[in-house]
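Student: Got a minute to go through this model with me? I'd like to start with burial and then move on to contacts.
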Amino acid sequence: MREERRVVITGMGAITPNGHDPEALWEAVRSGRSGIDVLSGEEFADLAVRIGGQVRGFDAEAVLPRALARRLSPIQHWAIAAADQALAQAGIRESGAREDGAEALPWERERVGVIAATGSGPVDAMQAATRSLLADGPRSVPLTLSIHGAPDSAAALLSQRWDFRGPAQGVSATCASGAIGLGEGLRRIRHGYADAVLVVGMEDCLNPVNLSSNANMRALAAGFEDHPTAASRPFDRSRSGFVMSQGAAAILLESEAGAAARGAVPLVELAGFGAASDAHHPTNPHPDGRGAAAAVREALADAGLGPADIDHINAHATGTLAGDAAELAAFDASLGAAARTIPISATKSSTGHLLGASGVVEAIIASLSMRDRTLPPTLNLETCEFDGWDIVSGQARELTGTASGPGSSLTVDTVLSTSFGFGGHNGALVLRRPKP
């Protein structure tokens, strides 16, 4: 039987509407700055919904050779850039990615895996190829579509870029993809099948096709073109849907023992993971939140914790009418009396909804909230529909000291982060401050 091992995060990276690295993302979220704006581009001019969280000012050629950058989609540019940041923070330099480099990787290459988590992958490539086919015939369809057009293609690109020879694969579970990708990486390391796993969450559905589809099902917040930063309104009585965003985030997981042996500093322990299905409806969550509650219970059990051990919740909280209500019902069912005492933040009010990337983005936010002992605010919460909950709103909540420190009564050492998606996909993560 393989020995179970603790798993820690040693590197993080992010390319988001709120900033092009984790610190910029965190500073925007904690200070209440929104990354949501009116979408730039003529293709959005006639759409019913023309707001979203766009990645602006990113230079792909600063990360990749021009020829490769031109062959790849923006979602892959962001995924590679975020992964490079995570590996750099973990102390892995590019020389370790080459056979002839003077510096070797700290792990056997066959024991480093890559997981690319996404709901849809590089949909822009398929849409562009379809337009070319209709306009100019079969010869116009790029041959690279077969190579780089699949949802898991970023995993292959990253394994080649860094010469990681363990399993490289995609994970797709709509908006729960990122959380489930992290959970699968956790299990792979915990049970001894890998020593390190690079998990990248990525999404880019800010295009007329995907926006129109979601707008037609009335899933998106509409009518906020004059005040785009007010559109994402989790838990507010006037909420009307989610705001779609694009971007990528990366987390490097490795065993606690392995990190200690190579002198790496653990940022956070990924302590627990749970996943479940609603088995209910193509888009609507179960009204009782039964699948979400099951995922939360499993994550707590996996971490060996109880509801009273959770100091903070980074909620999925997209701002849809049914979703927010079902999520709070799930917390009631899974956390019991403790649910109403745990502070909750809904950071999609700042970032928008990065769909399959959101679980990784919010794991980064949760990690930095523990580091700085600061609970980020929920924006636009003017009239809360739900009584009796401790939802952090207005401004960030600064906590002082530790539970055992003199004169201190507040701390954030353990965070529950939840991700739910269309189709009834549910994922929950428990992150914990690493032991000294």
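Tutor: Sure, let's start with D84: D84 is buried, at a relative accessible area of 15% (buried is under 20% relative accessible area, exposed over 50%, partly exposed in between, with a 1.4 Å probe and protein chains only). Keep in mind this is a predicted model, where local features need pLDDT of at least 70 and side-chain atom pairs pLDDT 80 or more, while totals for chains, interfaces and linings use all residues. Residues are numbered from 1 along each chain as its sequence is written, and side-chain values use heavy atoms, with hydrogens and water left out.

Student: Which side chain meets D84 in a salt bridge?
Tutor: R161 does, at 2.7 Å from N to O. A salt bridge here is a side-chain nitrogen of Lys or Arg within 4 Å of a carboxyl oxygen of Asp or Glu. R161 sits in helix α6 (residues 153–162) and D84 in helix α3 (residues 74–89), so the pair ties together parts 77 residues apart in sequence. Helices are DSSP runs of H or I, at least four residues, and strands are E runs of at least two, numbered from the N terminus.

Student: And R161, buried or exposed or in between?
Tutor: R161 counts as partly exposed, at 24% relative accessibility.

Student: What does R111 pair with?
Tutor: R111 meets D195 in a salt bridge, 2.7 Å from N to O. R111 is in the loop between α3 and β4 (112–117) and D195 in the loop between α7 and β6 (196–203), so this pair ties together parts 84 residues apart in sequence. R111 is partly exposed at 23%, whereas D195 counts as buried at 17%.

Student: Which residues do shared salt-bridge partners join into one network?
Tutor: E23, R30, R371, D372 and E398. Within it, D372 bridges to R30, with the closest N and O atoms 3.1 Å apart. That links D372 in helix α13 with R30 in helix α1 (residues 22–30), 342 residues apart.

Student: How many salt bridges by this rule?
Tutor: The count comes to 26.

Student: Switching to helix packing: at what angle do α7 and α13 cross?
Tutor: Roughly 70°, with the axes of α7 (residues 177–190) and α13 (residues 358–372) coming within 5 Å. The axes are lines fitted to C-alpha atoms over the stretch in contact, and angles run from 0 to 180 degrees between N-to-C directions. The two helices are therefore roughly perpendicular (65 to 115 degrees; under 35 is roughly parallel, over 145 roughly antiparallel, the rest oblique).

Student: Which residues meet there?
Tutor: G178, A179 and L182 in α7 meet G359, V360 and A363 in α13, where contact means heavy atoms within 4.5 Å.
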